[in-house]
Amino acid sequence: MLKLLEKRRELINLIEEVTRDKGYFDVQDLVERTGLPRSTLQDWINRFVDEGCVEVIEERAGRRRALYARRRTRSLPTSACKRIFTTVDGDMAEIFHECRSEGCISFCEHMYARDNPRVRKSGMVLRQRVRIGVPLECADARASLCLEKVEAKDDVIYQHIRTYGGPAYSLTEMMEQADGVLEITYAPADSYVRGVIATEALTHVIIGVDDTDTPEHGATFALTLSLLDLLASLEGVHRIAHNVGFLYPGVPGITAGNAVSYVELGVKPELAGAIVDAAIEYVRAQTKSDNTGMAVKTGFRHCPALERFTQRARSGIVTVDEAVAVAEQCDVATHAITGRRGIIGAVAALGMVDCPEDTLMDVRKNIG
């Protein structure tokens with residue numbers, strides 16, 4: 001199913017490109033660009049015509065091929081929806097909507113949070129955690145946007161949403177253009193429009209890094225931000241977030257305020273190992289310190305032991321051995337990039353994931 005949806009998305013993108021260049025396309029245009037059999041491509045075109053996303057602009061007549069064009073009912077040139085993707089951890093999914101508008105993302109946060117307390121903004125990305133297969137009740141029957149349930153099948157996540165008004169317009173005219181969307185189907189239901197958004201089930205990878213600088217050179221936040229830029233430029237990787245948090249400021253030998261950094265990514269499952277290898281290689285090449293450490297966590301579920309360790313690292317001195325022990329307990333991989341000391345901050349950084357910004361910046365606040 002996943003490969004079928006990916007092929008659909010690939011062909012739609014190709015059809016848009018050819019239509020934009022020529023004003024139309026025919027089956028031979030697709031044959032020349034894909035190398036697929038004519039019969040296979042004609043079946044796809046017929047399906048797109050039936051779905052209404054492709055229109056026939058000239059019927060076939062004799063030896064003359066039929067001409068088609070990508071149907072566009074949308075009058076506005078820009079979609080507010082930039083990216084829609086999903087990560088999975090066991091029976092939980094985290095849905096990410098990246099928006100181009102501060103107003104739109106605030107609206108969606110307000111509407112989704114009515115029915116799900118696990119909704120929050122991370123910059124211009126709206127994050128929503130849900131249990132797969134468990135229906136959500138829409139608290140307000142008149143709400144213009146509601147996530148009804150999330151299903152998983154064949155490595156694809158299906159978001160079932162109910163929309164009305166502006167969100168219905170977004171569903172029918174904008175969301176299909178978002179990066180990460182494999183397919184969108186929708187249909188009127190009473191006064192609402194119900195839709196299903198299909199996205200790939202990605203692996204959630206979190207990388208913590210610490211001790212990359214010296215008093216004269218470098219900064220951990222800058223290195224991890226550049227790491228995120230590098231990894232997110234790779235095919236099959238979605239950037240989620242870059243965050244900075246503080247640990248106990250009384251540790252001897254720190255260069256400034258004892259800040260650590262972590263990055264979050266959504267990754268195709270088969271690429272997760274290669275992404276970690278690339279991160280290790282990059283940090284080793286860029287660090288200015290002889291004590292750089294890295295910690296990697298797969299999945300977004302919290303580990304209470306990790307959070308307790310991070311809390312202790314924010315209020316006093318902890319050891320490398322303690323960091324390694326809790327990492328093993330919580331299935332966190334540790335890497336001594338140029339030394340072991342940085343493993344402490346790298347592991348502690350992973351215990352801060354999901355903390356509010358004001359908590360990250362204030363070691364007096366509990367992270368739990």
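In this predicted model, strands β7 (residues 145-153) and β8 run against each other, pairing in the antiparallel sense over 8 bridges. One of the matches across this pair puts K149 opposite H160, its bridge partner in β8. The two strands form a hairpin with 2 residues between them, and here D154 takes a positive phi near 55°.

On to the other partner of β8. Strand β10 (residues 192-210) also pairs with β8 in the antiparallel sense, again over 8 bridges. Here V156 has E200 of β10 as its bridge partner.

So much for the neighbours; β8 itself spans residues 156-163 and is mostly covered, with 8 of its 8 residues buried. In a regular strand, side chains take turns between the two faces of the sheet. In β8, V156, Y158, H160 and R162 point one way, while I157, Q159, I161 and T163 point the other way. Both sets are buried, charged R162 included. H160, the bridge partner of K149, and V156, the bridge partner of E200, belong to the set pointing one way from the strand.

Elsewhere, there is a bit of empty space to report. The structure holds 1 cavity of 30 Å³ or more, and the largest cavity has a volume of about 60 Å³. Its lining draws on K297, F300, R301, H302, C303, L306 and E307, together with L350, G351 and V353. Sorted by class, that lining is a mix of 5 nonpolar, 2 polar and 3 charged residues. K297, R301 and E307 make up the charged group, while H302 and G351 count as polar.

Definitions and conventions: Residues are numbered from 1 along each chain as its sequence is written. This is a predicted model: local features need pLDDT of at least 70, side-chain atom pairs count only at pLDDT 80 or more; totals for chains, interfaces and linings use all residues. Side-chain values use heavy atoms; hydrogens and water are left out. On a 1 Å grid over the protein atoms alone, a cavity is a set of points where a 1.4 Å probe fits but cannot get out, and a pocket is an open set with protein on both sides within 12 Å along at least five of seven lines; lining residues have an atom within 4 Å of a point. Grid points are joined across faces, edges and corners, and a volume is the space filled by probe spheres set on the points. Buried means under 20% relative accessible area, exposed over 50%, partly exposed in between (1.4 Å probe, protein chains only). Helices (H or I, at least four residues) and strands (E, at least two) are DSSP runs, numbered from the N terminus. Two strands pair if DSSP finds at least two bridges between them.
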